[in-house]
Amino acid sequence: MVFEPPKRLVRALGETAPDGDDWLEKLPGAAQRAVALRELTVERVQLPGGRSSLVVLVRAADGTPAVLKLAPGRARPEAERAALAHWAGRGAVQLLEQFSAEGVLLLERLHPDVSVRSLPEAKALLEAAGTLRRLWVEPPAGFTFETVAERTGRQAEAMRARAQAAPEVAPLVDVALAAREELLAAPPEHRLLHGTFRQSKVLGGDRMPWLAVGPDPVVGECAFDLARLVRDRVEDLIAQPSGAATTRRRVKRLAESLDVDQERLRGWTLFRAVESGVRAGRVGRPRDAELLLEFAGWL
């Protein structure tokens, strides 16, 4: 089988590595070797697929359905492996092999076309939040994950540079960076976080109704993880006349349901929305940038 990388993956990797690298060129061969080594039967490449990895639906030699995932080093697949091993299937997809193969993960097969995003909004938020709660555990010993301070520090530098090139975003960037400094001054806890959690990252399973996939794990406070969930379905929020009020109610409801400080959740939601909006503008997605920065302005 020829492993053609999905267009979504090619486009997204082009945004994160505009100068290019050779991972995509080597991907077909790497996928074939990974399949042969494990004696897998390939069913199909998952489309449209993810933004940072190739996802292939396969069957093991004994017929067990599984997922083979290949990711470049900059997507931090070894951190994902360490987090999934630590969670051991509690709230997240399960690893089917424990040995380390650089950039390759063999995972439990979930229902790839069924996410909590398919549920009505209120039910989706409830199920997603319940899944997220199970992931917030003490970090494992023996693996050093990136911290929230480190990750947002890199993002802050990129935001400052963009504000200089695009002065119209500078006021929101200033507010977001000030919020970050205040939040980092006294983080309330030190937990292993999913890192990129949203409704589409929670898929239907057989062991449990819903399980998280695709973590980009980070260590820090729970409000940082929950912040990305606040802006789910941002297009629908922006289209509502009451979008700003709905967003504020969502912050309050999620904070209360997961015992997270409401103001800290609001602050991290603001920072992450501005960071995403600034990044979207930088890589040529003006519509996404406009939606995210308008959303951030409500906070």
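**Exercise 1. List the buried residues of H3 (77-87) and find what covers them.**

Step 1. With helices read as DSSP runs of H or I of at least four residues, strands as E runs of at least two, both numbered from the N terminus, go through H3 and pick out the residues under 20% relative accessible area (buried; over 50% is exposed, in between partly exposed; 1.4 Å probe, protein chains only). You should find Pro 77, Ala 79, Glu 80, Arg 81, Ala 82, Ala 83, Leu 84 and Trp 87.

Step 2. Weigh that list against the helix: eight of the 11 residues are buried, so H3 is largely enclosed by the rest of the structure.

Step 3. Look for the cover, taking contact as heavy atoms within 4.5 Å. It includes strand S3 (65-70), strand S4 (104-108), H4 and strand S6 (191-193).

Step 4. Step just past the helix: Ala 88 has a positive phi of about 50°.

A word on the model: it is predicted, so local features need pLDDT of at least 70 and side-chain atom pairs pLDDT 80 or more, while totals for chains, interfaces and linings use all residues. Residues are numbered from 1 along each chain as its sequence is written, and side-chain values use heavy atoms, without hydrogens and water.

**Exercise 2. Work out the strand order of the open sheet that contains S7, and place H4 on it.**

Step 1. Count strands as paired if DSSP finds at least two bridges between them. The three strands then run S5-S7-S8, with antiparallel pairing.

Step 2. Identify the edges: S5 (111-115) and S8 (210-212) each pair on one side only.

Step 3. Average the twist from one strand to the next, using lines fitted to C-alpha atoms (for helices over the stretch in contact) and angles from 0 to 180 degrees between N-to-C directions. The answer is 55°.

Step 4. Check the S5 join: two bridges link it to S7 (residues 202-204), and His 111 stands opposite Gly 204.

Step 5. Add H4 (residues 121-135), which packs on the sheet, touches S7 and S8, and makes about 55° with the direction of S8.

**Exercise 3. Describe the surroundings of Glu 275.**

Step 1. Locate Glu 275 in helix H10 (residues 262-282). At 9% relative accessibility, Glu 275 counts as buried.

Step 2. Find its side-chain partner by a polar contact (N or O atoms within 3.5 Å, one able to donate a hydrogen and the other to accept it; residues adjacent in sequence count only if both atoms are side-chain atoms). The partner is the side chain of Arg 279, at 2.9 Å.

Step 3. Leave aside neighbours within four places in sequence; Gln 155 and Met 159 are in contact with Glu 275.
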